[in-house]
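Got your viewer open? Here is a short tour, stop by stop, with what to select and what you will find there.

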Amino acid sequence: MNELILHHYPQSPFAEKARLMLGLKGLSWHSVLIPPVMPKPDLIALTGGYRRTPVLQIGGDIYCDTALIAHRLEREKAVPALFPEGQEAIAAALAQFGDQLLFQHSIAINFQPHALQARFSGMPEEVVKGFLRDRQALFANGTASRPEPEVALAQWPVLMQRLETQLDRNGEYLLGDEPSIADLAWYHPLWFMAANAAVSVLLEDYPAIRAWMARINDFGAGASVRMEPEEAIRIAREATPEALPEQGFVSSAGLRLGDPVAVCAVDYGCDPVNGSLVHEEQDEIVIARDDPRAGRVHVHFPRVGYRVDVLKS
Ligand SMILES: N[C@@H](CCC(=O)N[C@@H](CS)C(=O)NCC(=O)O)C(=O)O
């Protein structure tokens, strides 16, 4: 069986979401550390252009985006469920709210000059400037909207108070007694806030939230062992991507198997990944690409939040 390999870096909120999924499910995995800013040549050898964090690799299959990673891990180990039976839509919708609205609020607050200064304290100014340039480029050409810091600061207590009230009245997790993907997606923007002494005060007035955060933190990150990027690339090169279902090709755009396509995120980090279409289903797009270092890989994307364009030959 191919092992799970997570490409990530410690400070990334979405990577924390993925690590907690692994922890909740009690999975073992290999940890490949990637740079937080471009260039990321080893990651790009696997993804073909997708640069966001984290990415899950299983042999020659590369899974982009935590929304898809969650489903892939659910297939790996069904229980405890990230999408509890009968609550699939509400879990996914709440997760989207956390990953987008709460995340953008947290970023807006954390990227205020004094908060950035605290986060990067002791680092040369060039590093901070380089980080800001990188993130400006990340958000170029995307549809994501981030509130102004003043707006985010005004709205943050409303969002927190809603969560506080519900947790106080309705069980230990967002959907009640059991955790789900919704908790992890609401947690990671708050985790990012809690890690910065300049803004962590914004979580102080909410005892139920803090108890919930401690419960989620206790899921841990599963058992991980470090792996060098070269080793992950070797594994991809020597592996054959998982066989794809013969049924279930449902191209909403009238595409055919084998069509040359470019897939990219629409919100931010919109770098296209070129390949040939090898599978599409309701909620997943898979393209094949041949990389000089990683060999033939299948790169998987969720459908929501991504677009597929046919490349004219
Ligand atoms: N929708 C993506 C969002 C991932 C994301 O925004 N990750 C951030 C880090 S928390 C990122 O990629 N930042 C730029 C980078 O790491 O290069 C997901 O769920 O995986």
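Before the tour names any helix, a word on the labels: helices (H or I, at least four residues) and strands (E, at least two) are DSSP runs, numbered from the N terminus. Keep in mind as you click around that this is a predicted model.

**Stop one: a residue on H7**

Select Val151, which sits in helix H7, residues 149–169. Is Val151 buried or exposed? Count its C-beta neighbours inside 10 Å and you get 12, so Val151 goes down as exposed. Now add Ile109 to the selection: along the sequence it is 42 residues from Val151, yet the C-alpha to C-alpha distance is 9.4 Å.

**Stop two: around the ligand**

Next, bring up the ligand and the residues around it. There are 13 of them, and the ones that come nearest are Ser12, Phe14, Arg52, Thr53 and Thr66. Which elements give two or more residues to this shell? Those are H1 and helix H3 (66–76). Colour the shell by class and you should see five nonpolar, four polar and four charged residues.

**Stop three: H1 against H3**

Stay with those helices and show H1 together with H3. Their axes come within 10 Å and cross at roughly 10°. Angles under 35 degrees count as roughly parallel, and H1 and H3 are therefore roughly parallel to each other. To see the contact, select Phe14, Lys17, Ala18, Met21 and Lys25 on the H1 side, then Thr66, Ile69, Ala70 and Leu73 on the H3 side. Sorted by class, this contact of H1 with H3 has six nonpolar residues, one polar and two charged.

**Stop four: H1 against H8**

Keep H1 (residues 13–25) on screen and switch the partner to helix H8, residues 181–194. Here the axes come within 8 Å, crossing at roughly 130°. That makes H1 and H8 oblique to each other, and the crossing is right-handed. From H1, pick Pro13, Phe14, Glu16, Lys17, Leu20 and Met21; they meet Leu184, Ala185, His188, Pro189, Trp191 and Phe192 in H8. This contact of H1 with H8 comes out as nine nonpolar residues, one polar and two charged.

**Stop five: two cis peptide bonds**

Time for some backbone. Most residues other than glycine have a negative phi, and most peptide bonds are trans. With that in mind, zoom in on the bond from Thr53 to Pro54: it is cis, with omega near 0°. Thr53 already turned up among the residues that come nearest to the ligand. Pro54 itself is in the loop between helix H2 (41–47) and strand E3 (55–58). Then jump to Val79 and Pro80, where the peptide bond is also cis, with omega near -5°. You will find Pro80 in the loop that runs between H3 and helix H4 (88–110).

**Stop six: positive phi without glycine**

Where is Asp65? Look in the loop between strand E4 (61–64) and H3. Asp65 is not a glycine, but its phi is positive, about 85°. It has 23 C-beta neighbours inside 10 Å, so Asp65 counts as buried.

Finish at Asn141, in the loop between helix H6 (125–138) and H7. Asn141 is not a glycine and has a positive phi of about 65°. With 12 other C-beta atoms within 10 Å, Asn141 is exposed.

Technical notes: Residues numbered from 1 in each chain as written. Predicted model: local features only at pLDDT ≥ 70, side-chain atom pairs only at ≥ 80, totals over all residues. Axes fitted to C-alpha atoms, helices over the stretch in contact; angles between N-to-C directions. Parallel < 35°, antiparallel > 145°, perpendicular 65-115°, else oblique. Left-handed = near helix turned anticlockwise from the far one by under 90°. Contact = placed C-beta atoms within 7 Å. Nonpolar A, V, L, I, M, F, W, Y, C, P; charged D, E, K, R; others polar. Near = placed C-beta within 6 Å. Buried ≥ 20, exposed ≤ 12 C-beta atoms within 10 Å, placed from the backbone.
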